[in-house]
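Got the viewer open? Keep the selection box handy, and we'll go from stop to stop.

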Amino acid sequence: METTFYEIRKTDEYRNAASVYTLLPANYKYKIEPLVSKEIYTALIFGYNVISKIEDYCDKFYECKEHGLSYEIGLYFQKKEYTHNGLIKSDIEKFKALLKVYNSEKFPEEYKLINDLIDDLKLLLEKWLIYEKEHPELFKKN
């Protein structure tokens with residue numbers, strides 16, 4: 001199924017809720033739930049607990065001091081939107097293939113980052129499938 005997360009994230013209601021959510025200490029974040037719609041709250045949790053880990057790879061690759069493909073991979077993740085789980089599966093396969101031909105001796109930090117990325121993409125896919133079942137308000141049927 002396709003997610004509506006990126007559409008929701010563009011709304012004022014989401015942005016307002018997100019600005020409050022980020023200011024709350026971890027043990028108080030749940031208190032925003034009764035203040036917003038179920039769709040907005042689910043999108044907040046999905047964004048902060050699932051999607052943000054992958055979005056962080058943009059900065060991780062930009063900050064990498066090695067000069068293999070880190071800049072290009074950083075660009076790739078700068079505006080990447082996973083709208084359905086097929087895109088995640090595709091990226092897992094793409095980066096697995098890249099690892100097979102990547103020079104791990106010349107670029108060990110980048111190689112490790114790509115390996116970590118694959119692991120996090122697999123975790124994203126697992127969480128995505130759980131969210132599809134448990135939070136249908138965040139997805140639309142194709």
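On this tour, contact means heavy atoms within 4.5 Å of each other. What you have loaded is a predicted model.

**Start with confidence.** Colour the chain by pLDDT. The average comes to 91, and 99% of the residues score at least 70. Select helix 6 for the highest mean, 95, then strand 2 (residues 139-140) for the lowest, 84.

**Helix 6 against helix 7.** Now show residues 85-101, which make up helix 6, together with residues 108-134, which make up helix 7. How are the two helices oriented relative to each other? Their packing angle is about 160°, with 9 Å between the axes. Angles over 145 degrees count as roughly antiparallel, so that is the label helix 6 and helix 7 get. The crossing is left-handed.

Turn on side chains to see who meets whom. From helix 6, pick Asn85, Ile88, Lys89, Asp91, Ile92, Phe95, Lys96, Leu98 and Leu99. Facing them from helix 7, you'll find residues including Tyr111, Ile114, Leu121, Trp128 and Glu132.

**Asp91 and its network.** Stay on helix 6 and select Asp91, one of the residues that meet helix 7. Which residue sits across a 3.8 Å N-to-O gap from Asp91 in a salt bridge? Select Lys80 and you have it. Lys80 is in the loop between helix 5 (70-78) and helix 6, eleven residues away from Asp91, and the pair links distant parts of the chain. Is Asp91 buried or exposed? Asp91 has a relative accessible area of 1%, so it is buried. Lys80 comes in at 19%, and because the cut-off for buried is under 20%, Lys80 counts as buried too. Add Lys94 to the selection: salt bridges with shared partners join Lys80, Asp91 and Lys94 into one network.

**Asp120, over on helix 7.** Next, select Asp120, which belongs to helix 7. Its relative accessible area of 13% makes it buried. Skip the neighbours within four places in sequence, and the contacts of Asp120 are Lys53, Ile54 and Tyr57. With Lys53, the side chain of Asp120 forms a salt bridge at 3.9 Å, N to O. That pair links distant parts of the chain, since Lys53 sits in helix 3 (residues 38-55), 67 residues from Asp120. Lys53 itself is partly exposed, with a relative accessible area of 40%.

**Hop to Asp119.** Asp119 is also found in helix 7. At 43% relative accessibility, Asp119 counts as partly exposed. Try a distance label from the C-alpha of Asp119 to that of Tyr30: it should read 28 Å, for two residues 89 apart along the chain.

**Last stop, helix 2.** Zoom in on residues 12-23, which form helix 2, and select Asp12 and Arg15. How far apart are the closest N and O atoms of Asp12 and Arg15? They are 2.9 Å apart, and the two residues form a salt bridge. This one stays inside a single helix, with partners three residues apart, about one turn. Asp12, at 53% relative accessibility, counts as exposed, while Arg15, at 44%, counts as partly exposed.

Want to keep hunting? A search of the whole structure finds eight salt bridges, among them the ones at Asp12 and Arg15.

Notes: Residues are numbered from 1 along each chain as its sequence is written. This is a predicted model: local features need pLDDT of at least 70, side-chain atom pairs count only at pLDDT 80 or more; totals for chains, interfaces and linings use all residues. Side-chain values use heavy atoms; hydrogens and water are left out. A salt bridge is a side-chain nitrogen of Lys or Arg within 4 Å of a carboxyl oxygen of Asp or Glu. Helices (H or I, at least four residues) and strands (E, at least two) are DSSP runs, numbered from the N terminus. Buried means under 20% relative accessible area, exposed over 50%, partly exposed in between (1.4 Å probe, protein chains only). pLDDT is the predictor's confidence in each residue, from 0 to 100. Axes are lines fitted to C-alpha atoms, for helices over the stretch in contact, and angles run from 0 to 180 degrees between N-to-C directions. Angles under 35 degrees count as roughly parallel, over 145 as roughly antiparallel, 65 to 115 as roughly perpendicular and the rest as oblique. A crossing is left-handed if the near helix is turned anticlockwise from the far one by less than a right angle, and right-handed if clockwise.
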